[in-house]
Amino acid sequence: MSEVVMAGCEDGCGAKAVEAANTPEYVRVLWLVVAMNAAMFVVGVVVTATGGSVSVRSDLLDFLGDALATGIGLLLVGKAAGIRAAASLWQGLALGALGLFALGSAILRVFSGDVPEPFGMGLYGILGFAVNVGAALLLLKHRKGDASVRAVWLYSRNDAIGNIAVLAASGLVVVTATRWPDVVVGFGIALLFLHSATEIVRDARKDLRKARA
């Protein structure tokens, strides 16, 4: 996905993207995405507390990261390109930290014999997927742009992928009656975090170099 985005921006579409990111429409979209992701973070906390799913724990961190990243996107509306790029660099580093935390949680679950409660996982996955499809559709036309705009898009994309994975894990937990599908999905979501964090940091550094030039 990011390669396509970057290819479309090699010829100077960054200025157009920044202009689009300053519009009232984009601000309204960001507010909606913040509210949707904050609500799903709260739902995920409840499901994790009652069901003990490591994949849900990893995915709710993505919802938290998405809400924070989108909130930062709101703060960056109208700011200079250099400021936006610097903030995006920190967004990428924060996502990397969330990825490491999720990875640690998955590793700890390898040594835990608990089987997560699958029905809460499934309900969370369905609700989360519906929210993320809505968020992705809202952000779809804004996915191309500078590192700040792309960071918001990548966070939302990760949420959608994570929810599909949680749904799959919940079904496999029912079938196998073991914790291993949950553990595997927890690892997968953590690695997705780390991959996207690398993309955001790379894009932010590129935008910083352009701003300094």
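In which helix does I83 lie? I83 lies in helix α5, and I shall return to that residue after introducing the chain as a whole. Good morning, colleagues. The structure before you is a predicted model.

Let me begin with the overall fold. The secondary structure of this chain consists of eight helices and zero strands. Read along the sequence, the pattern is accordingly α-α-α-α-α-α-α-α. The chain has 213 residues, and 50% of them count as buried. Its exposed surface comes to about 9,600 Å², of which carbon and sulfur atoms supply 74%. As for contacts between residues at least 6 apart in sequence, 86% of them join residues at least 24 apart.

Before turning to details, I should speak about confidence. The average pLDDT of the chain is 77, and 85% of the residues score at least 70. Where is confidence lowest, and where is it highest? Helix α1, residues 2-9, has the lowest mean, at 40, whereas helix α8, residues 180-212, has the highest, at 87. Over residues 1-20 the pLDDT is below 50, although this stretch has 22 contacts in the model beyond near neighbours in sequence. Where pLDDT is low, the predicted coordinates should not be read in detail.

I now come to a pair of helices. Helix α4 covers residues 54-76 and helix α5 covers residues 81-110; their axes come within 10 Å and cross at roughly 170°. An angle over 145 degrees counts as roughly antiparallel, and α4 and α5 are therefore roughly antiparallel to each other. Which residues bring them into contact? On the α4 side, the participants include V54, R57, L61, D62, G65, A69, I72 and L76. On the α5 side, they include I83, R84, A87, Q91, L95, L98, F101 and R109. The residues of this contact divide into 12 nonpolar, five polar and four charged.

This brings us back to I83, one of the α5 residues that meet α4. Its relative accessibility is 47%, and I83 counts as partly exposed because that value falls between the limits of 20% and 50%. The C-alpha atom of I83 is separated by 10.0 Å from that of D207, although the two residues are 124 apart along the chain.

Helix α4 also holds L75. Is L75 buried or exposed? With a relative accessible area of 62%, L75 is exposed. Between the C-alpha atoms of L75 and V27 the separation is 9.7 Å, with their positions 48 residues apart along the chain.

Let us move to helix α3, residues 24-51, where V43 is found. V43 counts as partly exposed, at 29% relative accessibility. V43 and L127 are 84 residues apart in sequence, yet their C-alpha atoms are 9.2 Å apart in space.

Next, helix α7, residues 147-176, in which D159 has its place. How accessible is D159? Its relative accessible area is 0%, so D159 is buried. Leaving aside residues up to four places away in sequence, D159 touches N37, D59, D62, F63, D66 and N132. One of these, D62, also belongs to the contact of α4 with α5. The C-alpha atoms of D159 and L60 are separated by 8.6 Å, while the two residues stand 99 apart along the chain.

S170 is likewise placed in helix α7. At a relative accessibility of 7%, S170 counts as buried, because the limit for that class is 20%. Not counting residues up to four places away in sequence, S170 touches P118, M121 and G122.

My last residue is A177, in the loop between α7 and α8. What is notable about its backbone is the phi angle: near 60°, a positive value in a residue other than glycine. A177 is exposed, with a relative accessible area of 55%.

To summarise, this predicted model has eight helices and zero strands. Helices α4 and α5 run roughly antiparallel to each other. In helix α7, D159 is buried and S170 counts as buried, while A177, in the loop between α7 and α8, is exposed. Residues 1-20, with pLDDT below 50, call for caution, because predicted coordinates should not be read in detail where pLDDT is low. Thank you for your attention.

Conventions. Residues numbered from 1 in each chain as written. Predicted model: local features only at pLDDT ≥ 70, side-chain atom pairs only at ≥ 80, totals over all residues. Heavy atoms only, no water. Helix = DSSP H or I, 4+ residues; strand = E, 2+ residues; numbered from the N terminus. Buried < 20%, exposed > 50% of the residue type's maximum accessible area, 1.4 Å probe, protein only. Contact = heavy atoms within 4.5 Å. Areas by Shrake-Rupley, 256 points an atom, 1.4 Å probe, with all protein chains shown as cover. Axes fitted to C-alpha atoms, helices over the stretch in contact; angles between N-to-C directions. Parallel < 35°, antiparallel > 145°, perpendicular 65-115°, else oblique. Nonpolar A, V, L, I, M, F, W, Y, C, P; charged D, E, K, R; others polar. pLDDT = per-residue confidence, 0-100.
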